[in-house]
Structures are given as C-alpha cells and as structure tokens.
Amino acid sequence: MRISNNNKFLYFILSMSLMIGLFYGEDSSGSGGSIADFISTWPLVENPLNFDCGCEMKFPLHYYIASLIYQISQSEFFLKFTYCIAALAVPILLYKCLEIKYPKLNKDNLFLFSLIILLLPTFRSAAIWPNTHLTAIIFFLISVYFFLKWEIKKDYKNLNRELIFTIIFMSLTVYTRQMYAMIFLYFVLIYFQKLKFKDFLKTCFIIFSFSIPGIIFVFYYPIILTGTFNSNLYNSLLVNSSIISFYLIPFYFLLFAYNKNRVDLINLKNITVLFFIILMVWTMSQSFNYNFKMGGGYFLKLSLIMFDDFYFFYLTSVIGFFLLYLLGKENPNNVILILLILFGFSARILFPKYFEPMLIILLFFVFNTKLPQMFLKEKRNIFIYGTYMLIYLITGIINHAFQITKTL
C-alpha cells in the first residue's frame, strides 16, 4: 500500500513547523534548557579539543561533527539549519524500521506513527539547538535498522554485515551520548543468546576494539563518568518511573479501553503487585529530595503547578512501575532491559530528553512485546497518541514563552 497524500501533506506541515520553530528559536523541551546547553557547549563546537572549557563532559563525537559543519560554513544559523534538515530524515528512517519490524501492518499507519516524532519537544529542540541527543538518535536508529535486518535474516552462524553495522553505529551512538551504553549491554546479551559461543567471542572482540578510544578518553578525563550515575537511587527510581509513565500511559490506556479481554488485567496477582508497588513508592517518597527546579519530567512539574505537592507525581511513579511490570511479564529479556534503564539512568538531574524518543524506539523495536503490533493496527490509536503529544508540545511552547516552571 502506498503512503496516502494526506500523510505526505502532514509530513510537509510538520516539517514546516520545525522550520518555523528554527526561525523563532523554539525551545519546547523546557524553560530554555536546550538554549542554555547550546550556549554553554558552543566552545566545543568552535574547538572540540577544548576539554578545559568548563562544559559538561561528554564523549566529543557530536562536537566533531558540529564543528566540521560550522568550520565549513562559519555560520551558526547554517549549523542549526543543517541539523533541522537531518531531523526531517528521522521519521523516514523510523518508518523504514517499522516496515522491517511489522511487515504485515498497514504501511500508511506506520508512516503516520513515524511522524509523531516531529511533535516531541526534546527532538525538536535538539534539532533547532543542535545537541548530542539528535546526533545520538540518528546513530541509534541506524543501528536499530541493521539490528532488525540481522534478526530478520536469522543468520546467527556468521559475523555478517548487518551485525557489524549494528555494532559500528551503536558504538557511534555511545560516543555521542554515553548513556546508550546501557542499551549496548542489552544488545550484547542478545548476541550471547543467539550466536554460537565462538562467534560471540569474536563479536565481543570487535566491540572491545571499538571501545578502546572511549577507554583511553575516560582514562584521561574520568569526570565524564560523573554525570552518568548518582547514588541517590530513590530519587532516580521515582523520577525515571514517572517520566516513563508519561510515554506508556496512552499506549496501555488505548489498548485497555478497546480490548474486549481487558478484564484479564484485573486479577489477584496484578492487584497484589500493585499493592507492593504502592508500598515501595511510599517508602522511597520518605527520602525523596530531588531538586524539582532541574528536570524531573512533565508529571513532576504538573504536580507542583496544579497541586503544589508531590502526590500526583508519586501516583505517576506507581503507574510507571506497574506498566513496566506488565511489560516485564511478557518476556524475561524485558525485565533485564527495564532494570538497565531504571538503574542505568541514575543521575543528579534527570530530564525527559534521556527517554525521548529512546523509550518509544525501544518499545517498538527492542522490547519483546505485542503492545506495538496491537497499537499500530488502528489508525484511531495513532491519532489519539499524536494528539496527546501535540498537547505536550503546545504546553512546552507555552512554558518556554511564559517561563512557568521557572517560578516553581
């Protein structure tokens, strides 16, 4: 089935909205967070070897790429424009991945869903104010594309080109944003499960070879690891689960609302698990001392704006843990990936950009779940989820314009 003209026109409209956002300096991801990040890291764009600039330390691949574009053009606007053009290719890449993963589903539905990424505030802001997240998303999606090709091919006896390209682009992803190392670890687990031991060892040697520059870099600049992990796990677990709930709630709500077998969700085991989750969240909330002025996610800020307390936020943490439990029930590998996400992304400051759109990509391509297949069958589901994200984007733009969360 060909892509409908309506969806092609929608792609054009959303593309134009991104260009308008570029013209007006949109930063819908927060109260000037992307702008501040762009300004603070600009010395690295001018000189990627300027490790003493006082910027937040990350692996420098993004800055080498941005610096090359800037050195050619000597124009900050051209750099931003180039990244916006690159961002417009991401829905196409996402659609190609969806085609591989769900070949029997309506292609028009798949393309429509891929356009939702152009509504995500973090994605848009990362394009308009070029930062590491967009670069990492592009490399990550390319890696996922080859990973899906490798799984479809089922050639587990040879180190074929799909496997090699998956490793190459996953390495580039980590060298852009080191937090993706957690996902790389999961890929290694899959290789261990599917490859013969001899081929698995060869794969590990290739991965280790690509990791050597990173090991050397960390040896000379160990500060790069300080922003990756924080010991206040109760803060991280509550915030992470709340942020995750923001993206998962619409999927599960739609499938629960229109599923004739939804009564299966309400059983003694699930109720028991929910009780223990509530007890766990209540226990962690007694030590919760997160600096809500810095990140924390949509629901945390909404809880403070609407109710001037954290109770709604704690509720969303409960929901997030419960939805992750439902996801984990579907496959043991899901549990491992969930634990990597929850505990691996433990930092002093937690932003939605750490999960957006990474979590959606993982849900649709990496997690072992029937959820995406069921969701994508109905165009109604995609429209509702798109509307949900549109509201998210509009509130982000309003927040940027009126600096609402800065007054909390």
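A residue counts as buried when its relative accessible area is under 20%. In this predicted model, threonine 135 has a relative accessible area of 6% and is therefore buried. The report below begins with the whole chain and then turns to two threonines and one helix.

**The chain as a whole**

The protein chain contains 19 helices and zero strands. Its radius of gyration is 21 Å, which agrees with the value near 22 Å that a compact globule of 408 residues would have. Along the principal axes, the C-alpha trace spans about 60 × 60 × 50 Å. Of the 408 residues, 54% are buried. When contacts between residues at least 6 apart in sequence are considered, 77% of them join residues at least 24 apart.

The chain exposes about 19,000 Å², and carbon and sulfur atoms supply 69% of this area. There are 32 positive and 19 negative side chains, and the centres of these two sets lie 10 Å apart.

**Two buried threonines**

Threonine 135 belongs to helix α8, which covers residues 132-153. Threonine 173 belongs to helix α9, formed by residues 161-174. With a relative accessibility of 0%, threonine 173 also falls under the 20% limit and so counts as buried.

The side chains of both threonines have polar partners, as the table shows.

| Threonine side chain | Partner | Distance |
|---|---|---|
| Threonine 135 | Side chain of histidine 62 | 2.7 Å |
| Threonine 173 | Backbone nitrogen of phenylalanine 140 | 3.1 Å |
| Threonine 173 | Backbone oxygen of phenylalanine 169 | 2.7 Å |

Which residues does threonine 135 touch, not counting those up to four places away in sequence? They are His62, Ile65, Tyr83 and Thr176. Histidine 62 is thus a neighbour of threonine 135 and also its polar partner. For threonine 173, with neighbours within four places in sequence left aside, the contacts are Ala136, Phe139, Phe140 and Tyr180. Phenylalanine 140 appears among these contacts, and its backbone nitrogen is the atom listed in the table.

**Helix α14**

Helix α14 runs through residues 298-307, and its buried residues are Phe299, Leu300, Lys301, Ser303 and Leu304. An α-helix has 3.6 residues a turn, so residues three or four places apart point the same way. The cover over the buried residues of α14 includes α12 (233-257), α15 (311-329) and α19 (379-402). After α14 comes aspartate 308, which has a positive phi near 60°.

Conventions:
Residues are numbered from 1 along each chain as its sequence is written. This is a predicted model: local features need pLDDT of at least 70, side-chain atom pairs count only at pLDDT 80 or more; totals for chains, interfaces and linings use all residues. Side-chain values use heavy atoms; hydrogens and water are left out. Helices (H or I, at least four residues) and strands (E, at least two) are DSSP runs, numbered from the N terminus. The radius of gyration is taken over C-alpha atoms; the globule rule is 2.2 Å times the number of residues to the power 0.38. Buried means under 20% relative accessible area, exposed over 50%, partly exposed in between (1.4 Å probe, protein chains only). Contact means heavy atoms within 4.5 Å. Accessible areas come from the Shrake-Rupley method with a 1.4 Å probe; for residues, only the protein chains shown count as cover. Lys and Arg count as positive and Asp and Glu as negative; His and the chain ends are not counted. The place of a charge is taken as NZ of Lys, CZ of Arg, CG of Asp or CD of Glu. A polar contact is a pair of N or O atoms within 3.5 Å; within protein, one must be able to donate a hydrogen and the other to accept it, and residues adjacent in sequence count only if both atoms are side-chain atoms.
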